[in-house]
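Grab a pencil and open the viewer. Here are some exercises to work through, each with a solution in small steps.

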Amino acid sequence: MDNATKNKWDRAALFFDVMAGYGAEKRWEAAKTELFSHMNGKVLFLAVGTGLDIPCFPENKDIYGIDISPKMLEKAENRVQNYVGNMTTEVMDVHDLDMEDNCFDQVFTSCTFCSVPNPVKGLKSLYRVLKPGGELLMFEHTGSRYFPISLMMNVMTPLTRQIGPEMNRKTVDNVQQAGFDDIKVTNVYLDVVKIIRATKRAP
Ligand SMILES: C[S@@+](CC[C@H](N)C(=O)[O-])C[C@H]1O[C@@H](n2cnc3c(N)ncnc32)[C@H](O)[C@@H]1O
(Lines give C-alpha, C1' and ligand atoms only; values in the text may rest on other atoms or scores of the structure.)
Protein backbone atom coordinates (compact mmCIF):
# COMPACT_ATOMS: atom_id res chain seq x y z
CA MET A 1 0.00 0.00 0.00
CA ASP A 2 1.24 3.49 -0.92
CA ASN A 3 0.84 5.19 2.47
CA ALA A 4 1.69 8.70 1.27
CA THR A 5 -1.20 8.57 -1.24
CA LYS A 6 -3.55 6.94 1.27
CA ASN A 7 -2.80 9.63 3.87
CA LYS A 8 -3.21 12.46 1.37
CA TRP A 9 -6.68 11.27 0.37
CA ASP A 10 -7.63 10.46 3.96
CA ARG A 11 -6.98 14.14 4.72
CA ALA A 12 -8.89 15.25 1.60
CA ALA A 13 -11.90 13.15 2.71
CA LEU A 14 -12.58 15.70 5.46
CA PHE A 15 -13.48 18.47 3.02
CA PHE A 16 -14.06 16.57 -0.25
CA ASP A 17 -17.88 16.82 -0.33
CA VAL A 18 -17.74 20.57 0.30
CA MET A 19 -15.09 21.10 -2.41
CA ALA A 20 -16.47 18.76 -5.07
CA GLY A 21 -20.03 17.91 -4.11
CA TYR A 22 -21.74 21.04 -5.32
CA GLY A 23 -19.99 22.79 -8.22
CA ALA A 24 -18.04 20.10 -10.06
CA GLU A 25 -20.33 17.22 -9.27
CA LYS A 26 -23.52 19.05 -10.31
CA ARG A 27 -21.88 20.33 -13.47
CA TRP A 28 -20.84 16.88 -14.71
CA GLU A 29 -23.86 14.98 -13.39
CA ALA A 30 -25.59 14.54 -16.78
CA ALA A 31 -22.43 13.39 -18.57
CA LYS A 32 -21.56 10.96 -15.78
CA THR A 33 -25.10 9.59 -15.63
CA GLU A 34 -24.99 8.92 -19.37
CA LEU A 35 -21.60 7.21 -19.10
CA PHE A 36 -22.60 5.06 -16.13
CA SER A 37 -25.83 4.05 -17.91
CA HIS A 38 -23.58 1.67 -19.92
CA MET A 39 -22.79 -0.41 -16.81
CA ASN A 40 -23.25 -4.09 -17.52
CA GLY A 41 -22.12 -7.37 -16.02
CA LYS A 42 -19.55 -7.47 -13.26
CA VAL A 43 -18.28 -3.90 -12.82
CA LEU A 44 -15.16 -2.62 -11.06
CA PHE A 45 -15.51 1.03 -10.02
CA LEU A 46 -12.26 2.87 -9.29
CA ALA A 47 -12.19 5.12 -7.18
CA VAL A 48 -15.32 5.49 -5.05
CA GLY A 49 -14.15 8.55 -3.08
CA THR A 50 -16.98 9.77 -0.83
CA GLY A 51 -19.48 8.17 -3.19
CA LEU A 52 -20.57 11.33 -5.03
CA ASP A 53 -20.85 9.29 -8.25
CA ILE A 54 -23.18 6.69 -6.76
CA PRO A 55 -26.47 8.63 -7.25
CA CYS A 56 -25.60 8.68 -10.99
CA PHE A 57 -25.37 4.87 -11.20
CA PRO A 58 -28.18 2.92 -12.89
CA GLU A 59 -30.11 0.64 -10.53
CA ASN A 60 -29.69 -3.10 -10.12
CA LYS A 61 -26.05 -3.41 -11.19
CA ASP A 62 -23.30 -5.54 -9.70
CA ILE A 63 -20.58 -3.08 -8.65
CA TYR A 64 -17.36 -3.66 -6.76
CA GLY A 65 -15.94 -0.29 -5.69
CA ILE A 66 -12.42 0.31 -4.46
CA ASP A 67 -10.45 3.26 -3.14
CA ILE A 68 -7.05 3.63 -1.52
CA SER A 69 -8.47 5.82 1.25
CA PRO A 70 -10.36 4.21 4.17
CA LYS A 71 -11.62 7.66 5.21
CA MET A 72 -13.10 8.26 1.75
CA LEU A 73 -14.88 4.90 1.92
CA GLU A 74 -16.18 5.66 5.44
CA LYS A 75 -17.76 8.84 4.07
CA ALA A 76 -19.17 6.88 1.13
CA GLU A 77 -20.86 4.28 3.31
CA ASN A 78 -24.35 5.88 3.40
CA ARG A 79 -24.38 6.34 -0.35
CA VAL A 80 -23.26 2.74 -0.85
CA GLN A 81 -26.04 1.51 1.49
CA ASN A 82 -28.63 3.59 -0.38
CA TYR A 83 -27.63 2.20 -3.78
CA VAL A 84 -30.46 0.11 -5.24
CA GLY A 85 -28.52 -2.87 -6.47
CA ASN A 86 -25.50 -4.87 -5.42
CA MET A 87 -22.57 -2.68 -4.39
CA THR A 88 -19.64 -3.62 -2.15
CA THR A 89 -16.50 -1.61 -1.43
CA GLU A 90 -12.99 -2.36 -0.28
CA VAL A 91 -9.83 -0.41 0.46
CA MET A 92 -7.38 -1.24 -2.30
CA ASP A 93 -4.54 0.39 -4.22
CA VAL A 94 -5.04 0.16 -7.99
CA HIS A 95 -1.31 -0.46 -8.42
CA ASP A 96 -1.66 -3.67 -6.48
CA LEU A 97 -5.09 -5.17 -7.17
CA ASP A 98 -5.90 -8.18 -5.08
CA MET A 99 -7.98 -9.97 -7.74
CA GLU A 100 -7.44 -12.71 -10.24
CA ASP A 101 -6.85 -11.98 -13.93
CA ASN A 102 -9.77 -11.52 -16.34
CA CYS A 103 -12.57 -11.23 -13.77
CA PHE A 104 -14.49 -8.00 -14.61
CA ASP A 105 -16.66 -7.26 -17.64
CA GLN A 106 -16.11 -3.52 -17.27
CA VAL A 107 -14.03 -1.03 -15.33
CA PHE A 108 -15.29 2.51 -14.68
CA THR A 109 -13.25 5.43 -13.37
CA SER A 110 -14.32 8.93 -12.45
CA CYS A 111 -11.79 11.72 -11.87
CA THR A 112 -9.32 9.06 -10.83
CA PHE A 113 -6.28 9.10 -13.10
CA CYS A 114 -5.54 12.71 -12.14
CA SER A 115 -4.78 11.21 -8.74
CA VAL A 116 -3.22 7.77 -9.16
CA PRO A 117 0.55 8.26 -8.69
CA ASN A 118 1.72 5.88 -11.43
CA PRO A 119 -1.06 6.03 -14.03
CA VAL A 120 0.39 3.58 -16.57
CA LYS A 121 1.03 0.98 -13.86
CA GLY A 122 -2.50 1.53 -12.50
CA LEU A 123 -4.02 1.20 -15.96
CA LYS A 124 -2.03 -1.99 -16.58
CA SER A 125 -3.54 -3.42 -13.38
CA LEU A 126 -7.02 -2.59 -14.68
CA TYR A 127 -6.14 -4.24 -17.98
CA ARG A 128 -5.08 -7.39 -16.12
CA VAL A 129 -8.37 -7.78 -14.23
CA LEU A 130 -10.59 -7.02 -17.24
CA LYS A 131 -11.90 -9.98 -19.20
CA PRO A 132 -10.70 -10.16 -22.82
CA GLY A 133 -13.13 -8.02 -24.80
CA GLY A 134 -13.94 -6.10 -21.60
CA GLU A 135 -14.33 -2.34 -21.56
CA LEU A 136 -12.67 0.54 -19.72
CA LEU A 137 -14.97 3.59 -19.41
CA MET A 138 -13.50 6.73 -17.90
CA PHE A 139 -14.71 10.19 -16.95
CA GLU A 140 -11.49 12.14 -16.47
CA HIS A 141 -9.99 15.61 -16.52
CA THR A 142 -6.61 15.89 -18.20
CA GLY A 143 -4.08 18.43 -19.33
CA SER A 144 -4.82 20.48 -22.43
CA ARG A 145 -2.98 20.76 -25.73
CA TYR A 146 -3.85 24.43 -26.02
CA PHE A 147 -1.98 27.46 -24.75
CA PRO A 148 -2.54 29.20 -22.32
CA ILE A 149 -4.63 26.47 -20.63
CA SER A 150 -1.69 24.06 -20.85
CA LEU A 151 0.63 26.59 -19.17
CA MET A 152 -1.92 27.29 -16.43
CA MET A 153 -2.27 23.57 -15.69
CA ASN A 154 1.48 23.01 -15.66
CA VAL A 155 1.86 25.86 -13.16
CA MET A 156 -1.01 24.65 -10.97
CA THR A 157 0.00 20.97 -10.79
CA PRO A 158 2.91 21.22 -8.30
CA LEU A 159 0.47 22.95 -5.93
CA THR A 160 -2.67 20.85 -6.46
CA ARG A 161 -0.76 17.55 -6.13
CA GLN A 162 0.09 18.47 -2.52
CA ILE A 163 -3.53 18.18 -1.46
CA GLY A 164 -5.20 16.24 -4.29
CA PRO A 165 -5.14 15.75 -8.06
CA GLU A 166 -2.70 16.69 -10.82
CA MET A 167 -4.09 18.98 -13.53
CA ASN A 168 -1.85 18.12 -16.49
CA ARG A 169 -2.11 14.35 -16.92
CA LYS A 170 -1.90 12.77 -20.40
CA THR A 171 -4.49 10.15 -19.61
CA VAL A 172 -5.37 9.18 -23.19
CA ASP A 173 -1.67 8.50 -23.94
CA ASN A 174 -1.45 6.54 -20.70
CA VAL A 175 -4.42 4.34 -21.67
CA GLN A 176 -2.66 3.57 -24.94
CA GLN A 177 0.66 2.84 -23.20
CA ALA A 178 -1.10 0.43 -20.84
CA GLY A 179 -2.06 -1.71 -23.85
CA PHE A 180 -5.73 -0.87 -24.41
CA ASP A 181 -7.21 -0.93 -27.91
CA ASP A 182 -9.97 0.82 -29.77
CA ILE A 183 -9.61 4.03 -27.74
CA LYS A 184 -12.42 6.55 -28.29
CA VAL A 185 -12.35 10.02 -26.76
CA THR A 186 -15.28 12.41 -26.38
CA ASN A 187 -14.57 15.90 -25.11
CA VAL A 188 -17.10 17.06 -22.50
CA TYR A 189 -15.48 20.44 -21.77
CA LEU A 190 -12.78 21.86 -24.08
CA ASP A 191 -10.10 19.16 -24.41
CA VAL A 192 -9.86 18.97 -20.61
CA VAL A 193 -12.85 17.00 -19.34
CA LYS A 194 -13.22 13.81 -21.33
CA ILE A 195 -14.94 10.51 -21.65
CA ILE A 196 -12.49 7.81 -22.72
CA ARG A 197 -13.63 4.37 -23.79
CA ALA A 198 -11.21 1.55 -24.58
CA THR A 199 -11.20 -2.22 -24.76
CA LYS A 200 -8.97 -5.10 -23.82
CA ARG A 201 -8.60 -6.94 -27.09
CA ALA A 202 -10.10 -10.42 -27.14
CA PRO A 203 -7.57 -13.06 -28.27
C1 LIG B 1 -10.56 13.25 -7.16
S2 LIG B 1 -11.07 11.88 -6.16
C3 LIG B 1 -12.46 11.26 -7.10
C4 LIG B 1 -13.46 10.50 -6.27
C5 LIG B 1 -14.78 10.18 -6.99
N6 LIG B 1 -14.61 9.28 -8.11
C7 LIG B 1 -15.49 11.44 -7.41
O8 LIG B 1 -15.43 11.80 -8.61
O9 LIG B 1 -16.11 12.09 -6.56
C10 LIG B 1 -9.80 10.71 -6.49
C11 LIG B 1 -9.93 9.40 -5.71
O12 LIG B 1 -8.91 8.50 -6.14
C13 LIG B 1 -8.48 7.74 -5.02
N14 LIG B 1 -7.15 7.18 -5.31
C15 LIG B 1 -6.00 7.87 -5.50
N16 LIG B 1 -4.99 7.03 -5.72
C17 LIG B 1 -5.50 5.78 -5.69
C18 LIG B 1 -4.94 4.47 -5.84
N19 LIG B 1 -3.64 4.32 -6.06
N20 LIG B 1 -5.75 3.41 -5.74
C21 LIG B 1 -7.08 3.56 -5.50
N22 LIG B 1 -7.67 4.76 -5.33
C23 LIG B 1 -6.89 5.86 -5.43
C24 LIG B 1 -8.50 8.76 -3.89
O25 LIG B 1 -8.52 8.17 -2.61
C26 LIG B 1 -9.76 9.55 -4.20
O27 LIG B 1 -10.89 9.02 -3.53
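**Exercise 1. Find which atoms of Ile 68 and Ser 110 lie by a nitrogen atom of the ligand.**

Step 1: Start with Ile 68, and keep in mind that this is a predicted model. One of its backbone N or O atoms lies 3.2 Å from a nitrogen atom of the ligand.

Step 2: Now try Ser 110. Here too a backbone N or O atom does the job, at 2.8 Å from a nitrogen atom of the ligand.

Step 3: How much of the ligand's own accessible area does the protein cover? On its own the ligand has 590 Å² of accessible area, and the protein covers 98% of that.

**Exercise 2. Describe the shell around the ligand, and say what part Asp 67 plays in the contacts.**

Step 1: Count the neighbours. The ligand has 22 residues around it, and the closest are Ala 47, Asp 53, Asp 67, Asp 93 and Ser 110.

Step 2: Sort the shell by class. You should get 12 nonpolar, 6 polar and 4 charged residues.

Step 3: Zoom in on Asp 67. An N or O atom in its side chain is 2.5 Å from an oxygen atom of the ligand.

Step 4: Look at the space itself. The ligand takes up the largest pocket.

**Exercise 3. Track down two cis peptide bonds, one ending at Ala 47 and one ending at Pro 148.**

Step 1: Recall what you'd expect. Most peptide bonds are trans.

Step 2: Check the bond from Leu 46 to Ala 47. It is cis, with omega near -5°. Ala 47 sits in the loop between strand 1 (42-46) and strand 2 (62-67), and Ala 47 is also among the residues closest to the ligand.

Step 3: Move on to Phe 147 and Pro 148. The bond joining them is cis as well, with omega about 5°. You'll find Pro 148 in the loop between strand 5 and helix 6 (149-163).

**Exercise 4. Work out whether Cys 111 and Asp 182 are buried, partly exposed or exposed, and what phi each has.**

Step 1: Again, recall the background. Most residues other than glycine have a negative phi.

Step 2: Read off phi. Cys 111 is not a glycine, yet its phi is positive, about 50°. Asp 182 isn't a glycine either, and its phi is positive at about 55°.

Step 3: Place them. Cys 111 is in the loop between strand 4 (104-110) and helix 5 (119-129), while Asp 182 belongs to strand 6 (residues 181-189).

Step 4: Use the cut-offs: under 20% is buried and over 50% is exposed, with partly exposed in between. Cys 111 has 31% relative accessibility, so it counts as partly exposed. Asp 182 has 48%, so it is partly exposed too.

**Exercise 5. How far apart in space are Leu 137 and Ile 196, and how far apart are Gly 143 and Arg 169?**

Step 1: Take Leu 137, in strand 5 (residues 130-141). Its relative accessible area is 0%, so it is buried. Leu 137 and Ile 196 are 59 residues apart in sequence, but their C-alpha atoms are 5.9 Å apart.

Step 2: Take Gly 143, in the loop between strand 5 and helix 6. Gly 143 is buried because its relative accessible area is 15%. The C-alpha atoms of Gly 143 and Arg 169 are separated by 5.1 Å, with their places 26 residues apart along the chain.

Conventions: Residues numbered from 1 in each chain as written. Predicted model: local features only at pLDDT ≥ 70, side-chain atom pairs only at ≥ 80, totals over all residues. Heavy atoms only, no water. Near = heavy atom within 4 Å. Polar contact = N/O pair within 3.5 Å; in protein donor to acceptor, adjacent residues only side chain to side chain. Areas by Shrake-Rupley, 256 points an atom, 1.4 Å probe, with all protein chains shown as cover. 1 Å grid on protein atoms, 1.4 Å probe; cavity = no way out; pocket = protein on both sides within 12 Å on 5 of 7 lines; lining within 4 Å. Sits in = over half its atoms within 2 Å of the grid points. Nonpolar A, V, L, I, M, F, W, Y, C, P; charged D, E, K, R; others polar. Helix = DSSP H or I, 4+ residues; strand = E, 2+ residues; numbered from the N terminus. Buried < 20%, exposed > 50% of the residue type's maximum accessible area, 1.4 Å probe, protein only.
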